[in-house]
Amino acid sequence: MLIVANWKENPLSAKEAEAIISEMPQREDVVVCPPHPFLYLGEKVTLGAQDCSAKMEGSFTGEVSAGMLKSLGCRYVIIGHSERRALGEDKETVDKKIEMALSAEITPIVCISSVEEIPLEKKIIIAYEPLSAIGTGNAYPFSEAKKKRKEIGEDVTVLYGGSVDEENVSEYIDAGFDGVLVGGASLDPLKFNQIIKRCDQKN
Ligand code: PGA
């Protein structure tokens with residue numbers, strides 16, 4: 001089981017980030033993905049990043065490479081989140097980023113919202129995130145989630161993401177997912193630790 005916290009573009013200050021991260025458990029199976037500037041705070045947690053560059057190094061202003069993330073201790077990187085695809089990130093770029101992450105020995109967590117987006121590369125974790133459920137509080141129907149889990153295939157680790165909270169997480173685990181990618185609720189340590197507890201009860 002893998003439980004991943006995706007903080008997105010939150011919180012606003014290092015002080016707040018420090019307060020949240022201090023409440024996060026130090027566990028192999030709980031991954032915290034803060035924004036890049038706060039990665040340095042994640043010494044004690046299993047660390048992930050929210051994106052990486054499609055290039056390893058060079059004249060690419062503003063980009064952060066998988067190699068840099070590795071040197072900061074990141075073990076995972078989220079790639080192809082729908083919020084990035086909405087900004088114009090295409091399949092080719094997503095594939096390139098996966099390649100960069102793997103070459104830096106970081107495990108890519110590739111977000112998809114349809115089975116057409118499943119990459120060919122097999123050494124990845126997939127996060128299935130239906131668009132209607134991301135950041136909306138509208139939980140995706142469990143029966144639909146279960147069908148999607150089957151469709152994606154048993155040979156890959158698949159997380160569920162989209163309005164996961166302490167009330168619904170158990171249902172997604174029961175639907176066959178290998179863990180969850182948590183956005184909003186991961187910024188509230190109380191809620192996030194409840195989610196972890198519910199997952200532990202399913203283990
Ligand atoms: P949410 O975000 O839990 O706030 O819906 C999940 C995600 O987009 O990764």
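Leaving aside the residues within four places of it in sequence, Ser163 is in contact with Ala133, Gly135, Thr136, Gly137, Asn138, Ala139 and Asn168. The model in which these contacts are found is a predicted one, and in it Ser163 has its place in the loop between strand E7, residues 157–161, and helix H6, residues 169–174. Although Ser163 belongs to a loop, this residue is buried, because its relative accessible area is 18% and a residue counts as buried under 20%. One of its contacts can be described atom by atom: a polar atom of the Ser163 side chain lies 2.6 Å from the backbone oxygen of Ala133.

Ser163 also leads us to the ligand, for it is among the closest of the 13 residues that surround this molecule, together with Lys8, His81, Gly135 and Gly184. Gly135 therefore appears twice in this account, as a contact of Ser163 and as one of the closest residues to the ligand. Which atoms of the protein lie 2.8 Å from an oxygen atom of the ligand? One is an N or O atom in the side chain of Lys8, and another is a backbone N or O atom of Gly184. A polar backbone atom of Gly183 lies 2.9 Å from an oxygen atom of the ligand. Taken alone, the ligand exposes 280 Å², and the protein buries 94% of that area. Sorted by class, the shell around the ligand is made up of 7 polar, 4 nonpolar and 2 charged residues.

From Lys8 the path can be followed to Gln50, since Lys8 is among the contacts of Gln50 when neighbours within four places in sequence are left aside. The same list includes Asn6, Trp7, Cys33, Pro34, Val77 and Ile78. Gln50 is found in the loop between strand E3, residues 46–49, and helix H2, residues 66–71, and it is buried, with a relative accessible area of 18%. Its side chain has a polar atom 3.0 Å from the backbone oxygen of Cys33, and a polar atom of that side chain lies 3.4 Å from the backbone oxygen of Pro34.

We can now turn from loops to a helix, H5, which runs through residues 142–152 and in which Ala145, Arg149 and Ile152 are buried. Seen down the axis of H5, its buried residues fall within an arc of 70°, so they line one face of the helix. The pattern can be understood from a general rule: an α-helix has 3.6 residues a turn, so residues three or four places apart point the same way. What do the buried residues of H5 pack against? They pack against strand E5, residues 107–112, strand E6, residues 125–128, and also E7 and H6. On the other side of H5, by contrast, Lys147 and Lys150 are exposed. The helix is followed by Gly153, whose phi is positive, near 110°.

A last residue to examine is Val94, which has its place in helix H4, residues 91–103. Is Val94 buried or exposed? Val94 is buried, because its relative accessible area is 2%, under the 20% cut-off. Beyond its neighbours within four places in sequence, Val94 is in contact with Ile79, Gly80, Arg85, Glu89 and Val110. The C-alpha atoms of Val94 and Ala5 are separated by 20 Å, and these residues stand 89 residues apart along the chain.

Methods
Residues numbered from 1 in each chain as written. Predicted model: local features only at pLDDT ≥ 70, side-chain atom pairs only at ≥ 80, totals over all residues. Heavy atoms only, no water. Helix = DSSP H or I, 4+ residues; strand = E, 2+ residues; numbered from the N terminus. Buried < 20%, exposed > 50% of the residue type's maximum accessible area, 1.4 Å probe, protein only. Polar contact = N/O pair within 3.5 Å; in protein donor to acceptor, adjacent residues only side chain to side chain. Contact = heavy atoms within 4.5 Å. Near = heavy atom within 4 Å. Areas by Shrake-Rupley, 256 points an atom, 1.4 Å probe, with all protein chains shown as cover. Nonpolar A, V, L, I, M, F, W, Y, C, P; charged D, E, K, R; others polar. Arc of directions from axis to C-beta.
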